[in-house]
Amino acid sequence: MTISRIELAELQRLIGAGAQIVDALPAPEYAETHLPGAINIPIKALDGDTTAGLDRERAVVVYCHDYL
């Protein structure tokens, strides 16, 4: 597993290649606004159980605007 910050162009490339987008905002904030096509797994709940349904053959991009 590789963890790194990416810029918008790289995000667009990953999405074009079939990456899964996980929006790690709390559920109420996710309900207000989120990245198109993203699934919600709040950062405090992000673990092996909550990510078990992700396709391990595809890249995963985790987004949270106030995490870093």
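Modeller: Contact, or touching, means heavy atoms within 4.5 Å. By that rule, and not counting residues up to four places away in sequence, Leu11 touches Ile6, Ile21 and Val61.

Biologist: What kind of model is this, and which pLDDT values are needed?

Modeller: This is a predicted model, in which local features need pLDDT of at least 70 and side-chain atom pairs count only at pLDDT 80 or more, while totals for chains, interfaces and linings use all residues. Residues are numbered from 1 along each chain as its sequence is written, and side-chain values use heavy atoms, with hydrogens and water left out.

Biologist: Which strands form the sheet, and in what order?

Modeller: The open sheet has 3 strands in the order E2-E1-E3, with parallel pairing. E2 and E3 are the edge strands, as each pairs on one side only. Helices (H or I, at least four residues) and strands (E, at least two) are DSSP runs, numbered from the N terminus. Two strands pair if DSSP finds at least two bridges between them.

Biologist: How many bridges join E1 to E3, and how many join E1 to E2?

Modeller: Strand E1 pairs with E3 (residues 60-63) over 4 bridges. With strand E2 (residues 39-40), E1 shares 2 bridges. As for single residues, Asp23 has Tyr63 of E3 as its bridge partner, and Val22 has Ile39 of E2.

Biologist: Which helix makes a β-α-β unit with E1 and E2?

Modeller: Helix H2 (residues 27-32) does, and the unit is right-handed. Right-handed means that, with the strands pointing away from the viewer, the path from the first strand over the helix to the second runs clockwise.

Biologist: Turning to E1, are its faces covered or open?

Modeller: Both faces of E1 (residues 20-23) are covered, with Gln20 and Val22 buried on one side and Ile21 and Asp23 buried on the other. In a regular strand the side chains alternate between the two faces of the sheet. Buried means under 20% relative accessible area, exposed over 50%, and partly exposed in between (1.4 Å probe, protein chains only).

Biologist: Why does Val22 count as buried?

Modeller: Val22 counts as buried because its relative accessibility is 1%. Among the residues it touches beyond four places in sequence are Leu46, Leu54 and Val60.

Biologist: And why is Asn40 only partly exposed?

Modeller: Asn40, in strand E2, counts as partly exposed because its relative accessibility is 24%. Its contacts beyond four places in sequence include Asp23, Ala27 and Tyr30.

Biologist: Which residues make up the largest nonpolar core?

Modeller: The 6 residues are Leu11, Leu14, Ala19, Ile21, Ala38 and Val61. A nonpolar core is a set of buried Ala, Val, Leu, Ile, Met, Phe, Trp, Tyr and Cys residues joined through side-chain atoms within 4.5 Å.

Biologist: Back to Asp23: which side chain of opposite charge is nearest?

Modeller: That is Arg5, 14 Å away, and the buried Asp23 has no salt bridge. A salt bridge is a side-chain nitrogen of Lys or Arg within 4 Å of a carboxyl oxygen of Asp or Glu. For charge, Lys and Arg count as positive and Asp and Glu as negative, while His and the chain ends are not counted.

Biologist: How many salt bridges are there, and which side chains meet?

Modeller: The count is 1 salt bridge, in which the side chains of Arg13 and Glu10 meet at 2.8 Å, N to O. Both residues lie in helix H1 (residues 8-16), 3 residues apart, about one turn of the helix. Arg13 counts as partly exposed because its relative accessibility is 47%, and Glu10 counts as partly exposed at 29%.
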